[in-house]
Amino acid sequence: MRTSQVPLNTVKETPADAEIASHQLMIRAGLIRKLAAGLYSWLPLGLRVLRKVEKITREEMEKAGALEVLMPALQPAELWQETGRWQHYGPELARLKDRHERDFCLGPTHEEIITDLARHELKSYKQLPITYYQIQTKFRDEIRPRFGVMRCREFIMKDAYSFHTSQESLQETYDVMYTAYSNIFDKLGLNYRAVIADSGSIGGAVSHEFHVIADSGEDAIAFSTGSDYAANVESATALLEEQVIAAPSEAYAKVATPTQKTIAEISEFLNVPAQKILKTLAIVKMERDAEGVVIKEAFYNLFLRGDHELNEIKTRKIIGEFRLATDAEIIAHHGCIAGFLGPKLDAKYPCLFDHAVKNLSDFVCGANEEGFHLRGCQWTNDVKTNAFYQQALADNAFYDLRNVVAGDKSPDGKGEITLARGIEVGHIFQLGTKYSASMKAGIINEAGKSQIMIMGCYGIGISRVVAAAIEQNHDARGIIWSAKLAPFQVALLPMNMHKSERLKLATEKLYADLVAAGIDVLFDDRKVRAGFMFSDMELIGIPHSIIISDRGLDDETLEYKARTATDNEIIPSVGVIEFLKAKLA
């Protein structure tokens with residue numbers, strides 16, 4: 001294709017609201033344009049990349065035996081009410097009413113719709129297993145859209161759903177999809193990891209996320225240094241390491257901490273490392289009715305080591321939905337303000353302990369009195385603290401409540417945990433009967449009886465993949481595409497073609513030969529300076545460039561430039577097709 005047919009809408013200035021590299025470069029390279037917060041139009045160059053992601057995804061889905069369908073983006077509330085998600089999904093669900101005042105939503109996902117389709121279309125076990133997929137626009141009313149198409153309100157997703165009569169059948173399809181996803185990201189040339197993950201609002205017992213490794217990633221990923229273990233930090237297990245509690249080495253004392261409330265402030269003021277401070281978090285457990293209204297609340301205290309952070313996902317799995325307690329609630333239950341809380345023997349509310357606090361010795365904790373902490377604490381050297389600890393042991397109140405940190409032992413016992421940042425681009429789930437049971441989606445099984453189908457769910461953020469690839473592959477000059485993702489594989493760049501008729505004829509012939517050879521080529525036929533032409537091609541990220549000039553015609557040579565190379569390479573003009581095909585292989 002010629003630049004006269006596909007105008008290059010490149011921009012020199014970086015947009016003020018573009019915080020990360022992919023957002024900046026997608027605007028500057030003319031891939032997308034902002035319409036409103038979280039809403040983007042895809043320009044021709046960007047759409048070519050998007051379609052290439054879709055093509056590879058479709059190829060692997062079809063190899064996996066999935067059947068393509070297309071479901072409505074506008075979804076009736078009744079189906080979401082059947083599963084209970086109309087009340088519980090939250091404000092990200094874009095709700096609206098039609099002219100007849102009937103409730104609808106713009107689909108953020110399609111579990112309800114595909115389950116409704118399946119309960120009408122699938123009648124017998126002979127039709128199973130079956131997997132449907134679609135590539136379609138999704139809507140999520142993000143409270144704070146940011147990072148361009150990375151976290152926006154409207155995006156393109158590939159979502160697939162499988163139906164089964166047994167867990168064994170689901171596992172087989174799950175494994176096939178895991179392989180298909182690996183093949184997709186391999187073909188796209190991405191550095192990625194599949195990690196154990198939490199299923200979130202989608203639900204289900206087993207799930208894996210696929211993350212593109214990038215420093216700008218929003219998710220923390222935990223890897224083992226000694227095995228293939230990998231998990232989202234939200235789901236990574238922090239192992240319980242049983243240790244003998246060390247004998248006291250300093251005097252137990254109540255010390256004044258007039259304004260020191262945070263772990264960092266206490267650590268600095270008392271010259272005590274954060275790992276020797278007991279952190280107390282006051283939370284309120286909430287129970288809701290079928291309409292989503294809070295009908296009951298209960299006060300809890302959580303105890304963690306000072307250098308550890310609470311893992312809300314793990315904690316919710318133990319006690320259910322919760323929120324942080326307000327200052328007024330903390331005063332009402334403790335008689336002092338937050339920042340000075342500690343173990344309280346006469347507390348009339350449940351307490352949960354992270355495993356790591358079992359081994360604390362000579363630690364600091366709040367004295368439950370404003371302006372004071374206790375130091376030199378030992379679970380055995382104070383009557384109240386010891387009784388509190390013994391009650392916790394009796395109640396079996398120790399859990400894995402924290403995020404893993406670098407240096408933790410790997411949950412599989414092989415090596416230590418190291419952390420990296422990742423961008424989630426795919427997620428696969430074993431849903432079980434979460435949706436099919438509530439929507440009564442069943443078939444007649446081999447025994448002639450009605451049976452609820454078991455489901456799997458498999459998603460890829462198609463538009464997010466484009467941004468993630470840029471986050472992982474760019475430099476100061478622009479985007480660095482792999483050949484499979486690039487809008488064009490080769491750029492054909494004539495030097496001052498408008499001044500030389502023979503150069504124009506030679507370039508036209510080479511362009512025709514490249515197209516005939518099946519090479520995806522962009523012919524820059526603009527009347528612009530060479531430096532401007534080169535900088536545009538580097539910004540856009542085309543992997544390979546062929547430079548043709550009058551001097552090269554005299555010498556029967558061309559110049560070849562790889563996007564990642566520093567210098568140009570002189571090559572014979574004869575055999576250039578074979579040369580490029582070898583580079584593209």
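Is Ala-441 buried or exposed?

## A loop residue and its surroundings

Ala-441 is buried, with a relative accessible area of 0%; buried means under 20% relative accessible area, exposed over 50%, and partly exposed in between, for a 1.4 Å probe and protein chains only. The residue sits in the loop between helix 11 (434-438) and strand 22 (442-444). Helices (H or I, at least four residues) and strands (E, at least two) are DSSP runs, numbered from the N terminus.

Leaving aside neighbours within four places in sequence, Ala-441 is in contact with Thr-115, Arg-119, Ser-436, Gln-451, Ile-452 and Met-453. Contact means heavy atoms within 4.5 Å. Leu-122 lies 319 residues from Ala-441 in sequence, yet the two are 8.7 Å apart in space, C-alpha to C-alpha.

## Basis and overall make-up

The model is predicted: local features need pLDDT of at least 70, side-chain atom pairs count only at pLDDT 80 or more, and totals for chains, interfaces and linings use all residues. Residues are numbered from 1 along each chain as its sequence is written, and side-chain values use heavy atoms, with hydrogens and water left out.

The protein chain has 16 helices and 31 strands. Its C-alpha atoms fill a box of roughly 95 × 65 × 50 Å, taken along the principal axes. Of the 585 residues of the protein chain, 51% count as buried. Among contacts in the protein chain with a separation of 6 or more, 69% come from residues 24 or more positions apart.

## The open sheet and helix 14

One open sheet has 5 strands in the order 28-27-29-30-31, with mixed pairing. Its edge strands are strand 28 (521-523) and strand 31 (569-572), each of which pairs on one side only; two strands pair if DSSP finds at least two bridges between them. From one strand to the next, the twist averages 30 degrees. Angles run from 0 to 180 degrees between N-to-C directions, and axes are lines fitted to C-alpha atoms, for helices over the stretch in contact.

Within this sheet, strand 29 (residues 544-548) and strand 30 (residues 557-562) pair in the antiparallel sense over 4 bridges. Ile-546 stands opposite Tyr-560 in strand 30. Helix 14 (residues 530-540) packs on the sheet and touches strand 27 (490-494), strand 28, strand 29 and strand 30. The direction of helix 14 makes about 175 degrees with that of strand 27.

## Two helix pairs

Helix 2 (residues 44-63) and helix 6 (residues 167-187) pack at an angle of about 155 degrees, with their axes 9 Å apart. Helix 2 and helix 6 are therefore roughly antiparallel to each other; angles under 35 degrees count as roughly parallel, over 145 as roughly antiparallel, 65 to 115 as roughly perpendicular and the rest as oblique. From helix 2, the contact is made by Ile-56, Thr-57, Glu-59, Glu-60, Met-61 and Lys-63, and from helix 6 by Met-177, Ala-180, Tyr-181, Asn-183, Ile-184 and Lys-187. By class, the contact of helix 2 with helix 6 has 6 nonpolar, 2 polar and 4 charged residues. Ala, Val, Leu, Ile, Met, Phe, Trp, Tyr, Cys and Pro count as nonpolar, Asp, Glu, Lys and Arg as charged, and the others, Gly among them, as polar.

The axes of helix 1 (residues 21-28) and helix 12 (residues 462-472) come within 8 Å and cross at roughly 105 degrees, so helix 1 and helix 12 are roughly perpendicular to each other. Ala-21, Ser-22, His-23, Leu-25 and Met-26 in helix 1 meet Val-466, Ala-467, Ile-470 and Glu-471 in helix 12. This contact has 6 nonpolar, 2 polar and 1 charged residues. In helix 12, 11 of the 11 residues are buried, so the helix is largely enclosed by the rest of the structure. The buried residues of helix 12 include Arg-464, Glu-471 and Gln-472.

## Backbone exceptions

Most residues other than glycine have a negative phi, and most peptide bonds are trans. A cis peptide bond joins Leu-128 and Pro-129, with omega about -5 degrees. Pro-129 is in the loop between helix 5 (111-121) and strand 7 (130-139).

Glu-101 is not a glycine but has a positive phi of about 65 degrees. Glu-101 lies in the loop between strand 5 (94-97) and strand 6 (103-106) and is exposed, with a relative accessible area of 56%. Asn-368, also not a glycine, has a positive phi of about 55 degrees. Asn-368 is found in the loop between strand 18 (361-366) and strand 19 (372-378), and at 16% relative accessibility it counts as buried.
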